[in-house]
Amino acid sequence: MGTSSTTILRSPDEKVDHLRSLPFYAVHLGALLTPFILGLSWEGVAIALGFYFLRMVGVTLGYHRYFSHRAFKTSRAFQFVLAVLATSSSQKGVLWWAAHHRHHHRFSDRADDLHSPRKGFWWSHVGWFLCDKYQATQEEGIRDFARYPELRWLDRNWGVVVVAFAALLFALGGWVWLLWGFFVSTTLLWHGTFVINSLAHVFGRRRYGTSDDSRNSFLLAVLTCGEGWHNNHHHYQSSSNQGFYWWEWDPTYYLLKLLAAAGVVWDLRKPPERVLTEGRRSPLPVPAAALEPNSG
């Protein structure tokens, strides 16, 4: 379980906006109906999982490691490609996502944290994402990327990318690709991403004494292409690899290494030896009494 059972009460304005959330619910309904409409098939499952992992990489490599933490460098052109791929995940705009994630790190598992599990499982998993209070982009927290007009446009018009992605799937594969590749895949992708907020601060093992409840989980790393090493990440946030050791599965980092070899990205940031040495000395869960401020 987490390092602390302290409950944080949500403020009165932290409520789900159900009317604004109707498209979110509609995609879930479409996903649930897909096996009944088309029948359950290996082809459909393969399509859903293929577009799940393709766009998960867009989220992990783009939204998270690049735009939120600047864990590597790339060209302006590939920066835009990453933003478009990540935006197809239907998790709102690139500036919105990165700014809110930076806010989470500043206040992790404290009262101002947007989605701490201490505010409740469902709130941390999805409630905050559907809350009207958090619809606006926190531009003050993402000024480094907000200076690019193409990213500002993409952030304001993220829905255009999502609709275009769904239309492309329909054009390529008809109803099978649309329903399995968009509705089912997007629903899985939402919850595959959201489990890092709701479960990676509750289940797993702690290697580093961070001031929050972050934990490492191999299962979550598999589901999220390497994001499950969450305690590692909260301890040293700017690293391009979240699996700090060779046995920690991190396919997002493996892809970054390939892109670096091709010259598409460069200056991949990694944890210094002192961080790795500290981790080797404390492989067991850290008691709550030993918690220290975040580093990285």
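This briefing describes the empty spaces, the nonpolar cores and one buried asparagine of the structure above. The model is predicted. Its largest pocket holds about 440 Å³ of space, and its largest cavity has a volume of about 250 Å³. Helix α8, which spans residues 158-198, recurs in what follows, since it supplies residues to the lining of the largest pocket, to the largest nonpolar core and to the lining of the largest cavity.

**Largest pocket**

- The lining of the largest pocket is made up of 20 residues, and R20, P23, S90, K92 and W158 are the ones closest to its centre.
- Two helices, α1 (22-38) and α8 (158-198), each contribute at least two residues to this lining, and the largest share, five residues, is that of α8.
- By residue class, the lining of the largest pocket consists of ten nonpolar, six polar and four charged residues.

**Cavity**

- The count of cavities of 30 Å³ or more comes to one, and 19 residues line the largest cavity, with W97, H101, T193, I196 and N197 closest to its centre.
- Helices α2 (42-68), α4 (94-106) and α8 each provide at least two residues of the lining of the largest cavity.
- The lining of the largest cavity divides into eight nonpolar residues, ten polar residues and one charged residue.

**Nonpolar cores**

- The largest nonpolar core comprises 56 residues, within which F67, F72, F145, L151 and F182 have the most contacts; the largest share of this core, twelve residues, is drawn from α8.
- L151, one of the residues with the most contacts inside the largest core, touches F67, Q79, F80, A83, V94, L95 and F145 when residues up to four places away in sequence are not counted.
- Another core, of six residues, lies apart from the largest one and includes Y236, Y245, V275 and L276.

**The surroundings of N231**

- N231 belongs to helix α10, which covers residues 230-235, and its relative accessible area is 0%, so N231 counts as buried, the cut-off being under 20%.
- The side chain of N231 reaches the backbone nitrogen of R207 at a distance of 2.8 Å.
- With neighbours within four places in sequence left aside, N231 is in contact with R205, R206, R207, Y208 and T210, and also with S214, R215 and N216; R207 thus appears both in this set of contacts and as the residue whose backbone nitrogen the N231 side chain reaches.

Key
Residues are numbered from 1 along each chain as its sequence is written. This is a predicted model: local features need pLDDT of at least 70, side-chain atom pairs count only at pLDDT 80 or more; totals for chains, interfaces and linings use all residues. Side-chain values use heavy atoms; hydrogens and water are left out. On a 1 Å grid over the protein atoms alone, a cavity is a set of points where a 1.4 Å probe fits but cannot get out, and a pocket is an open set with protein on both sides within 12 Å along at least five of seven lines; lining residues have an atom within 4 Å of a point. Grid points are joined across faces, edges and corners, and a volume is the space filled by probe spheres set on the points. Helices (H or I, at least four residues) and strands (E, at least two) are DSSP runs, numbered from the N terminus. Ala, Val, Leu, Ile, Met, Phe, Trp, Tyr, Cys and Pro count as nonpolar, Asp, Glu, Lys and Arg as charged, and the others, Gly among them, as polar. A nonpolar core is a set of buried Ala, Val, Leu, Ile, Met, Phe, Trp, Tyr and Cys residues joined through side-chain atoms within 4.5 Å. Buried means under 20% relative accessible area, exposed over 50%, partly exposed in between (1.4 Å probe, protein chains only). Contact means heavy atoms within 4.5 Å. A polar contact is a pair of N or O atoms within 3.5 Å; within protein, one must be able to donate a hydrogen and the other to accept it, and residues adjacent in sequence count only if both atoms are side-chain atoms.
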